[in-house]
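This briefing walks through selected features of the structure shown here. It is arranged by topic, and each point can be followed in the displayed coordinates.

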Amino acid sequence: VQLQASGGGMAQAGDSLRLSCATSGATSSTYHMGWFRQAPGKGREFAAAITWNSGASYYAPSVKGRFTISRDNAKNTVYLQMNRLRLEDTAIYYCAAALRRSDWRGGHYDASFYDHWGQGTQVTVSS
């Protein structure tokens, strides 16, 4: 499975960006999907995740209410709509795919529960 993230760029605080993650090599509905991010000098952290059928979504407290994860399985694409961006949202954003394992819901925030990763897309927020 290959994941291709796009949509990053530069934005000002308060602006919006939408990230996309296109999957290839497998049917996207086979996977739960997540977005993680890594800020300069910090470890990779969970941002958002969505089940294979969009039945449930999960968010880190730092992005809840501002970010929305969605997916279009017909297009094999997952999205992360980011609104009211903050300086601290500056990071490389990675999309990841997790096989539909029974324990994923309990570990959706844990990078080790994901099987495939994209290359990342840079988001830079300035004041």
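**Tyr58 and the disulfide**

In this predicted model, Tyr58 is found in strand 6, which covers residues 57-59. Besides the surroundings of Tyr58, the points below cover the disulfide formed by Cys21 and Cys95.

**Surroundings of Tyr58**

- Tyr58 has a relative accessibility of 18% and therefore counts as buried, because the cut-off for that class is under 20% relative accessible area.
- When neighbours within four places in sequence are left aside, the residues in contact with Tyr58 are Phe46, Ala47, Ala48, Ala49, Thr51, Trp104, Arg105 and His108.
- With one of these residues, Arg105, the contact is also polar, since the side chains of Tyr58 and Arg105 make a polar contact at 3.3 Å.
- Gly7 lies 51 residues from Tyr58 along the chain, and the C-alpha atoms of the two residues are separated by 21 Å.

**The disulfide**

- The count of disulfides in the model comes to one, and this link is formed by Cys21 and Cys95, whose sulfur atoms are 2.1 Å apart.
- The pair joins distant parts of the chain, with Cys21 in strand 3 (residues 17-24) and Cys95 in strand 9 (residues 91-99), the two cysteines being 74 residues apart.
- The link of Cys21 and Cys95 is right-handed, with 65° about the S-S bond.
- Cys21 is buried, with a relative accessible area of 0%, and Cys95 is likewise buried, with a relative accessible area of 1%.

Notes. Residues numbered from 1 in each chain as written. Predicted model: local features only at pLDDT ≥ 70, side-chain atom pairs only at ≥ 80, totals over all residues. Heavy atoms only, no water. Disulfide = S-S within 2.5 Å. Helix = DSSP H or I, 4+ residues; strand = E, 2+ residues; numbered from the N terminus. Buried < 20%, exposed > 50% of the residue type's maximum accessible area, 1.4 Å probe, protein only. Contact = heavy atoms within 4.5 Å. Polar contact = N/O pair within 3.5 Å; in protein donor to acceptor, adjacent residues only side chain to side chain.
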